[in-house]
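Dear colleague,

I am passing on the structure we spoke about, together with my notes on what turned up in it. Please read the notes with the structure open beside you.

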Amino acid sequence: MNPKSMTMKYLNILICSLIIWASSCEGVLDVSPKGVLSEDQLNTPKDAEGFVIAAYSQLGNDEINRPFSLWPYGNVRADDAYKGGRDPGDGQGFHFIETFSNIRPNMWELDGIWFYLYIGVRRANEGLRMINQFSENEYANLMARKAELRFIRGYFYFVLKTMFNRIPYMDENVPAEEYKLVSNVELSSDELWDKIADDFAFASEHLPVSQAQIGRADKSAALAYLAKTRLYQAYEKDERHQVVNINKDRLQQVVDAVDEIEEMGKYGLEEDFANNFLTGPYENGKESVFAVQFSTNDGAGRGRMNFGTMLTVPQGMGCCDFQKPSQNLANAFKTNQDGLPLMDSYNGENVDFVHDNLDPRLDHTIARPGNPWKYEKDLIFTEGWSRTPEIYGYYNSMKENVSPNDEGFVNVDPFYGNTKPRIILRYADVLLFKAEALIELGRQDEALPIINLIRERASNSTARLFNESGQALGNYKVSPYRTGENIQWNQENARKALRFERRLEMALEGNRFFDLVRWGIAEDVMNGYFEVEASRKDYLQGANFISGKHEYLPIPQNQIFWSEGRYQQNPGY
């Protein structure tokens with residue numbers, strides 16, 4: 001058994017010992033059932049360690065219909081991917097989310113992810129309440145563990161805020177039985193962001209620079225999420241979710257947080273873009289700021305696998321061919337003769353893989369027929385790997401998937417999972433936070449070398465992009481921006497370049513839709529996308545984004561019932 005499996009086996013044993021307690025619900029009798037532990041019975045530092053592990057565990061407790069990777073909510077809901085699967089009726093709720101049609105508060109897909117995200121909140125709160133019983137003399141790791149739990153709580157609240165906007169906020173001082181008494185409009189949007197930022201700020205002050213155990217949050221991860229939170233908070237919106245002001249103080253906080261990460265020097269860009277999405281020695285590399293760990297053969301049933309992206313496995317590898325990269329995304333990787341993206345004209349004609357210049361990140365992100373799958377020269381991705389190409393096309397998503405020859409590729413009939421860590425935050429993403437903040441502060445000249453650093457890494461990421469005969473898979477050409485030569489680097493052009501770079505670099509990593517909402521441009525981008533894409537994909541005809549409504553999902557009706565009407569529905573639903 002490898003060390004990763006041994007670690008996960010230990011974690012799973014502790015998780016299982018807590019699950020009865022952690023999943024307890026309101027009873028109807030005042031009789032303590034046998035085999036259930038109360039908080040009064042769990043009162044040692046060793047018990048507290050188990051609570052922390054239970055909170056970490058929830059980061060990977062997703063599944064195909066409520067994936068924490070957010071591929072339906074951040075990629076399919078944007079212009080990066082089609083839902084995929086058999087047809088629009090397969091995973092129909094995700095079809096509604098993709099087309100912004102018939103999205104209803106009673107959809108079980110929405111209720112499920114809300115519920116499981118709040119389980120994460122509750123586990124963090126229960127751990128904090130447990131830990132607060134001790135002094136530092138009694139519990140040597142007290143402050144570090146509090147910081148980890150607050151990081152985890154901040155993470156779950158961040159996801160909830162970006163998905164549902166108006167959410168109830170409960171900390172460790174609110175007993176679980178009183179959660180339903182807290183309104184989802186008790187705090188303003190800015191106050192909610194401050195609460196989330198406070199957790200990451202606390203974590204950044206008390207977490208170590210490095211952790212001995214892989215998977216635990218460190219100081220850089222907390223600072224990175226603090227930067228991300230302040231960046232989202234900086235874009236102040238009106239009731240229709242349009243940007244009315246960009247708060248410069250918040251932007252400076254983004255810059256300051258990323259500066260601190262850079263000064264520590266722990267993280268950096270991988271030399272090859274591909275390294276971020278490979279297994280074995282490449283897992284948890286220097287660009288992985290925070291990642292959820294998975295395993296198999298660890299003594300816990302079928303293992304602690306990544307169930308959340310199982311549906312995205314190509315049909316040619318088993319099942320089920322969801323998250324099919326869009327033609328629009330494929331076209332975005334074209335470059336001109338100077339090696340720059342065609343920001344204004346990329347979607348006029350479909351990419352010609354033989355004659356067009358290409359950004360290498362295309363072939364690290366999108367599997368296309370005729371190319372090796374995951375760089376294996378004797379394993380060719382073919383048209384036959386696609387389930388219903390007449391509906392969703394022939395492309396597949398690569399980043400989250402592995403080779404069928406990988407030892408972490410596991411058949412959990414009828415699905416196939418893998419144990420590759422899920423990177424939640426990459427260092428490239430963090431650098432782009434800083435570049436975006438600098439541009440909006442009017443300091444675009446300071447952002448230029450950051451963007452060029454990422455473009456230069458892309459340009460150098462071609463070593464694996466060859467077929468069996470040694471021929472390059474494309475005409476790769478990526479160049480840095482050179483002000484006064486190939487671009488006038490003013491704020492407007494820098495903003496456009498930054499936003500396009502984010503799309504290319506972070507494609508299919510769950511970010512795109514949330515970026516569009518943050519910038520206040522979701523309506524323009526999505527309806528422009530539908531106008532063209534509907535001529536390519538019949539099922540997108542009639543798709544329409546409504547500003548002031550579709551930026552956020554509806555509050556699940558079951559949760560409104562549970563709160564006895566205290567939760568207010570989001571506008572438009």
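**Unusual backbone geometry**

Glu-564 lies in the segment that follows helix 18 (557-562). The model is a predicted one, and the points below should be read with that in mind. Glu-564 has a positive phi of about 55° although it is not a glycine, and with a relative accessibility of 55% the residue counts as exposed, since the cut-off for that class is over 50%. Gln-323 likewise is a residue other than glycine with a positive phi, near 55°, but Gln-323 is placed in strand 5 and is buried, with a relative accessible area of 2%. These values deserve a careful look, because most residues other than glycine have a negative phi, and most peptide bonds are trans.

Two peptide bonds also call for attention. Cys-319 and Cys-320 are joined by a cis peptide bond with omega at about 20°, and Cys-320 belongs to the loop that runs between strand 4 (288-292) and strand 5 (322-325). The bond from Asp-413 to Pro-414 is cis as well, with omega near 5°, and Pro-414 is found in the loop between strand 12 (409-412) and strand 13 (415-418).

**Nonpolar cores**

The largest nonpolar core holds 159 residues, of which Tyr-73, Phe-151, Tyr-157, Leu-160, Met-163, Phe-164 and Tyr-481 touch the most other members. Helix 6, which covers residues 142-164, gives the most to this core, contributing 13 residues. Phe-164, once its neighbours within four places in sequence are left aside, is in contact with Leu-110, Ile-113 and Trp-114, with Tyr-552, Leu-553, Pro-554, Ile-555 and Pro-556, and with Asn-570. Apart from the largest core lies another, of 10 residues, which includes Met-317, Trp-373, Val-402 and Phe-409. As general background, nonpolar side chains tend to be buried together in soluble globular proteins.

**Aromatic pairs**

The count of aromatic pairs comes to 37. One of them is formed by Trp-71 and Phe-94, whose rings are edge-to-face, with 5.5 Å from centre to centre and 65° between the planes. Trp-71 lies in helix 3 (residues 71-76) and Phe-94 in helix 4 (residues 92-99), so this pair ties together parts that are 23 residues apart in sequence. Trp-71 is buried, at a relative accessible area of 1%, and Phe-94 also counts as buried, at 2% relative accessibility.

Phe-409 and Tyr-416 are another pair, with ring centres 5.2 Å apart and planes at 10°, so the two rings are stacked. Phe-409, which was named above as a member of the core of 10 residues, counts as buried at 15% relative accessibility.

Ring pairs also link a cluster made up of Phe-68, Phe-151, Tyr-155, Phe-156, Phe-158, Trp-193, Phe-200, Tyr-225, Tyr-232 and Phe-290. Phe-151 in this cluster is also among the residues that touch the most other members of the largest core.

**Charges over rings**

Where does the charged end of Arg-368 sit? The charged end of Arg-368 is placed over the ring of Phe-353, at 4.2 Å from its centre. Arg-464, in turn, lies over the face of Tyr-282, at 5.2 Å from the ring centre.

With best regards

Definitions and conventions
Residues numbered from 1 in each chain as written. Predicted model: local features only at pLDDT ≥ 70, side-chain atom pairs only at ≥ 80, totals over all residues. Heavy atoms only, no water. Core = buried A, V, L, I, M, F, W, Y, C linked by side-chain atoms within 4.5 Å. Buried < 20%, exposed > 50% of the residue type's maximum accessible area, 1.4 Å probe, protein only. Helix = DSSP H or I, 4+ residues; strand = E, 2+ residues; numbered from the N terminus. Contact = heavy atoms within 4.5 Å. Phe/Tyr/Trp six-rings, centres within 6.5 Å; stacked < 30°, edge-to-face > 60°. Lys NZ or Arg CZ within 6 Å of the ring centre and 35° of its normal.
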